[in-house]
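Hi,

Here is the structure I promised to pass on. Have a look at it first, and then read on for what turned up.

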Amino acid sequence: MGKVGILTEKPSAARNFAAALGGMSGTFDGTDYVIVNARGHLLELKDPATMVPAPLAERYKSWDLEHLPWNAGDFRWEREVRRKVSGGKMITDPDAKSLLAELKATLSTCETVCNAADLDPTGEGSLLGWEIVEYLGLEGKKLERMEFLDETPASLRKAFTTRRAVTSIESEGDYRKADFRDQWDMLSMQFTRAATKVSGSSTVVRNGRLKSAMVVIVGDGLDAHKNYVKKAFYENRFRDENNVTYTDPDIDRFENKSAVPGGLESSPVVHDGTTRKKTGPPKLMDLAALSSLLSKKGFEAKKVLETYQRMYEAQVVSYPRTEDKFISVEQFNELLPLVDKIASVVGVDPAALSHRGPRKSHIKSGGAHGANRPGPNVPPNLAAVETKFGALGKEIYELLAKNYLTMLAPDYEYDQHRGHVEKYPSFVGSLNVPAVLGWKGVFVAEDDEDEDETASGATALGTIAKPFVHEGFPTRPPHPTMGWLMKQLEKRSVGTGATRTSTYAEVTNNATGKALMREQRGKITLSVVGELNHRILPGTHIGDLSITENVFDQMAQIESGTASAPDFLALVEDLVRHDLEKMKANARRLPAELKERMAKAGVTRAPVENITLPPALHFTHGDAVATTAKRVFCGHRFTDSEVAALLAGQIIEITAISPKSGKPFTCKGALEAGVTDKGYPFVGFKPQFEERPPRTDLVSGLWKGKKVEFKGRGWGANEHWSGKDFTEQELAKLLAGETIEFEAIGKSGKKYTAKGALAVSTHNGYKNFGFTLKFDNRTPATKPRKRKVSR
């Protein structure tokens, strides 16, 4: 049998396979193999305008509402090497391009290509691997799929020996459903364009299944919190001497205290019994729960993701983007020998961890990476974690480790004492008294605290209950926090823990001024753009939290083969058409106060005014055509006569404002065609400046191994002196990094000895290179100190 190329999703997976099989290449179970890895998605769908026939390119590039909705049937659905922002420009990621070339070089030598990417409910791992195989043109080779429950050596060895043959990539159900979701999400760009245009925003109003869900939940939560009306109610209750309260669940409530019926008397308390109850340890944390707790300590989700990733690469914690809520028996057994060491690091007594067997509530078969937990590299102490990963790293490890260790502690046990008021038996009360601390002695997250436990320290019900009129208020809806939001999303099954965290980090990141939300110590508010989006979304499909459920249902049908992707993608057209009308209606009802805040924050601005070009001036590049030109250039709006002159191909002279200095300048220019950094054609005003005569005072050479150019003639010229022309010998010394001396004349006309060397200096914020004077350090002259004489 020929060599098998094992394609893993990331370097850590490749390392795990190598550990299981005996190296990055070799022979296992009689089969030659070589292991290679991707680094996440190396490919992405192309820009919409480049995936449609040439005559349609301009339509799909435009953000004008008249070009919505799109026809999903127009797209070729092609992928390209992923892109990234560099220097403010979008470029092909050179690392991804280089890695793809390496993968092709290695996998081309293999008879079989085996997709060993992760298994997950969305099929994302399958898509990641197969899209690489397709892009590299390797579909003609023998194809296999490797499936594993976790990345323990035993599981990976079993997965290698039980590889299954793949007849074609398209026959893989998990690939089909993930590919469909990718295409659906690209079509959802239409909702972003629609919301941006109908709102008149100068900032992109981003919408998508998860982003929109977050905006809706937070916006509605803020409205509920803000609109809460604190209105008291009154009712009869009893309280005993141990501060235990007795209530009647069916008793009437009154708006006025004076309306509450009187006549109740003190009465003995009847003890109805005591029951021993237990609660198991909390579930293992996902990244969303961990990040939510850390947000209360002021740590941003983006920083949590970045720090956790670094810790994972050092194997101090487990894989960050797992979707698993449980761990496997193999993963449990792998970490079990390290438990005492981990406990010592986070200050937990190993003796408290007496439940050393797997719990059914936390451990089951399935999944791949397992839930978030400590990694195999146990640090010596928390100080070492902080030194390497900062204060945030220390917090991450402590929370994660203690949460994991609760699973190894006994159940928490408490005695529940129940009783009622003898004369009024409908009034009942209870008291929970801790009996066995169990896992609560290891770790209790703030959100897991029991609210029904008394803080009085009582261990039993009292003997006499006295009546009183209780004043209560309806519970105010909580102010949205990250933890609250993550629970709302989980309750509605919107996204996974890792996806929710990464999306939350994205929508709260205001580095580009486009954040939808702002977070402070865990509390969330909507930015002006986020609030605008919240007011635009009511009644829309993209703003309906059930849309993800619908998409996942469609994914399941595509996976099973009972439906095809084109059928469901065609439905997006009607969704966009409906949402566009809803957004228009919602935009007309935007509050005046919000419009004022939008204008003040620069969210809205005057629309770009264009000059319609005659066909003769249209400029085509590739599949796209430029048919307009901007009417404003650097603050100057072309007059009608200037427009006519420009369209006639004439050169005009204008006065504009420099965007850098804010100062006016005069220039001549004409319309000229060109291509943007992203490859799009344009026609615009091109200023023409008089060419400066070439400089004759510059010399060049090698300085510190770099080619440099500097003023070598007429240095230091002023009204008294024509300047210094460096000799060939002096130039050689300067380029060699040496200091030279010569006689010069200052601005005052006096002679002085100039001493200096070549150096980089900064003036008015700009870096300059050239001959720079050196001045000797002088000790400042001192004058005798005058003493005050008392008279």
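Let me start with a definition: a disulfide is a pair of cysteine sulfur atoms within 2.5 Å. Keep in mind too that this is a predicted model.

With that cut-off, how many disulfides does a search of the whole structure find? The count is zero. Take Cys114: the closest cysteine sulfur belongs to Cys110 and is 11 Å away, so the two are too far apart for a bond. Cys114 is also buried, at 0% relative accessibility. Cys667 is in no disulfide either, with the sulfur of Cys634 as its nearest cysteine neighbour at 7.7 Å. Like Cys114, which is buried, Cys667 counts as buried, with a relative accessible area of 3%.

Next, the sheets. One is an open sheet of six strands in the order β2-β3-β1-β8-β9-β10, and its pairing is mixed. At its edges are β2 (25-28) and β10 (164-166), each pairing on one side only. From one strand to the next, the twist averages 35 degrees. Within this sheet, β1 (residues 4-8) pairs with β3 (residues 31-37) in the parallel sense over five bridges, and Ile6 has Ile35 in β3 as its bridge partner. Helix α4 (residues 124-135) lies across β1, β8, β9 and β10, at about 165 degrees to β9.

There is another open sheet of six strands, ordered β12-β11-β16-β13-β14-β15, and here the pairing is antiparallel. Its edge strands are β12 (245-246) and β15 (428-436). Strands β11 (residues 233-240) and β16 (residues 464-472) are joined over eight bridges, and Arg237 stands opposite Phe468 in β16.

Now for the interior. In soluble globular proteins, nonpolar side chains tend to be buried together. The largest nonpolar core here has 114 residues, and Tyr397 and Leu405 have the most contacts inside it. Helix α13 (residues 382-405) supplies the largest share of this core, eleven residues. Which residues does Tyr397 touch, leaving aside those up to four places away in sequence? Among them are Met311, Ile342, Pro374 and Val385. A second, separate core has 24 residues, including Leu42, Leu99, Leu107 and Val133.

Last, helix α6 (residues 173-187). At 1.5 Å a residue, its 15 residues should span 21 Å, and the end C-alpha atoms are indeed 21 Å apart. Of those 15 residues, 13 are buried, so α6 is largely enclosed by the rest of the structure.

Cheers

Note on methods: Residues are numbered from 1 along each chain as its sequence is written. This is a predicted model: local features need pLDDT of at least 70, side-chain atom pairs count only at pLDDT 80 or more; totals for chains, interfaces and linings use all residues. Side-chain values use heavy atoms; hydrogens and water are left out. A nonpolar core is a set of buried Ala, Val, Leu, Ile, Met, Phe, Trp, Tyr and Cys residues joined through side-chain atoms within 4.5 Å. Buried means under 20% relative accessible area, exposed over 50%, partly exposed in between (1.4 Å probe, protein chains only). Helices (H or I, at least four residues) and strands (E, at least two) are DSSP runs, numbered from the N terminus. Contact means heavy atoms within 4.5 Å. The expected span of a helix is 1.5 Å times one less than its number of residues. Two strands pair if DSSP finds at least two bridges between them. Axes are lines fitted to C-alpha atoms, for helices over the stretch in contact, and angles run from 0 to 180 degrees between N-to-C directions.
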